[in-house]
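Welcome! Take a moment to look over the sequence and turn the model around before reading on. The report below starts with the whole chain and then visits some residues one by one.

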Amino acid sequence: KSAARKKIEGIEAKLKKGEDFAKLATENSDCPSSKNGGDLGFFTRGQMVKPFEEAAFALKPGDTSNIVETQFGYHIIKCTGKKD
């Protein structure tokens, strides 16, 4: 868990320096979405675990979250758009 936290903190630092989210997701994510640059597509409330959902729905398009911890690990979320 400590190594995973350290790894995502490094990724967060790269994002803050302006590195490309999709590139970093492709290179580092364990999620199947990594092959799509981390793109999960649109989702509604109730589809994701609570901490992930709360962070994602608090973002405005173009915003990137801080590190979010769920039972699946650590995540950084970028909101690319919202639908009504």
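## The overall layout

The chain holds three helices and two strands. Following the sequence from start to end, you meet them in the order α-α-α-β-β. Please keep in mind that this is a predicted model.

How does the chain compare with a compact globule? For 84 residues, such a globule would have a radius of gyration near 12 Å, and the chain has 12 Å, so the two agree. Along the principal axes, the C-alpha atoms fill a box of roughly 35 × 25 × 20 Å.

## Surface, interior and charge

Of the 84 residues, 29% count as buried. The chain exposes about 6000 Å², and carbon and sulfur atoms supply 50% of that area.

Contacts also tell us how the chain folds back on itself. Taking contacts between residues at least 6 apart in sequence, 27% join residues that are at least 24 apart. As for charge, there are 15 positive and 12 negative side chains. The centres of these two sets lie 2 Å apart.

## Helix α1: Ala4 and Glu12

Helix α1 covers residues 2-16, and two of its residues make good stops on our tour. Ala4 lies in this helix and is partly exposed, because its relative accessible area is 39% and the partly exposed class runs between 20% and 50%. In sequence, Ala4 and Tyr74 are 70 residues apart, yet their C-alpha atoms are separated by 7.4 Å.

Glu12 is found in α1 too. Is Glu12 buried or exposed? Its relative accessibility is 15%, so Glu12 counts as buried, since buried means under 20%. Leaving aside residues up to four places away in sequence, Glu12 touches Asn66, Ile67 and Ile76.

## Between α1 and α2: Asp20

Next comes Asp20, which sits in the loop between α1 and α2. With a relative accessible area of 45%, Asp20 is partly exposed. Its C-alpha atom is 9.6 Å from that of Gly37, a residue 17 places apart from Asp20 in sequence.

Which backbone nitrogen does the side chain of Asp20 reach at 2.8 Å? That nitrogen belongs to Lys23. A polar atom of the Asp20 side chain also lies 3.4 Å from the backbone nitrogen of Ala22.

## Between α2 and α3: Ser29

Further along, Ser29 lies in the loop between α2 (21-28) and α3 (50-58). Ser29 counts as partly exposed because its relative accessibility is 31%. The side chain of Ser29 reaches the backbone nitrogen of Cys31 at 3.0 Å.

What does Ser29 touch, not counting residues up to four places away in sequence? The answer is Leu24 and Ser34. There is also a link in space to a later part of the chain: Ser29 and His75 are 46 residues apart along the chain, while their C-alpha atoms are separated by 8.8 Å.

## Helix α3 and its cover

Helix α3 brings us to a set of buried residues: Phe52, Glu53, Ala55 and Ala56. Which strands help to cover them? Both β1 (68-70) and β2 (73-75) are included in that cover. Here is a general point to hold in mind while looking at a helix: an α-helix has 3.6 residues a turn, so residues three or four places apart point the same way.

Two glutamates in α3 are worth viewing side by side. Glu53 is found in this helix and is buried, with a relative accessible area of 8%. Its contacts, not counting residues up to four places away in sequence, are with Arg45, Gly46, Gln47 and Met48. Glu54 has its place in α3 as well, but with a relative accessible area of 45% it is partly exposed. The C-alpha atoms of Glu54 and Val68 are separated by 9.6 Å, and these two residues are 14 apart along the chain.

Conventions
Residues numbered from 1 in each chain as written. Predicted model: local features only at pLDDT ≥ 70, side-chain atom pairs only at ≥ 80, totals over all residues. Heavy atoms only, no water. Helix = DSSP H or I, 4+ residues; strand = E, 2+ residues; numbered from the N terminus. Buried < 20%, exposed > 50% of the residue type's maximum accessible area, 1.4 Å probe, protein only. Contact = heavy atoms within 4.5 Å. Polar contact = N/O pair within 3.5 Å; in protein donor to acceptor, adjacent residues only side chain to side chain. Rg over C-alpha atoms; globule rule 2.2 N^0.38 Å. Areas by Shrake-Rupley, 256 points an atom, 1.4 Å probe, with all protein chains shown as cover. Lys, Arg positive; Asp, Glu negative; His and termini not counted. Charge placed at Lys NZ, Arg CZ, Asp CG, Glu CD.
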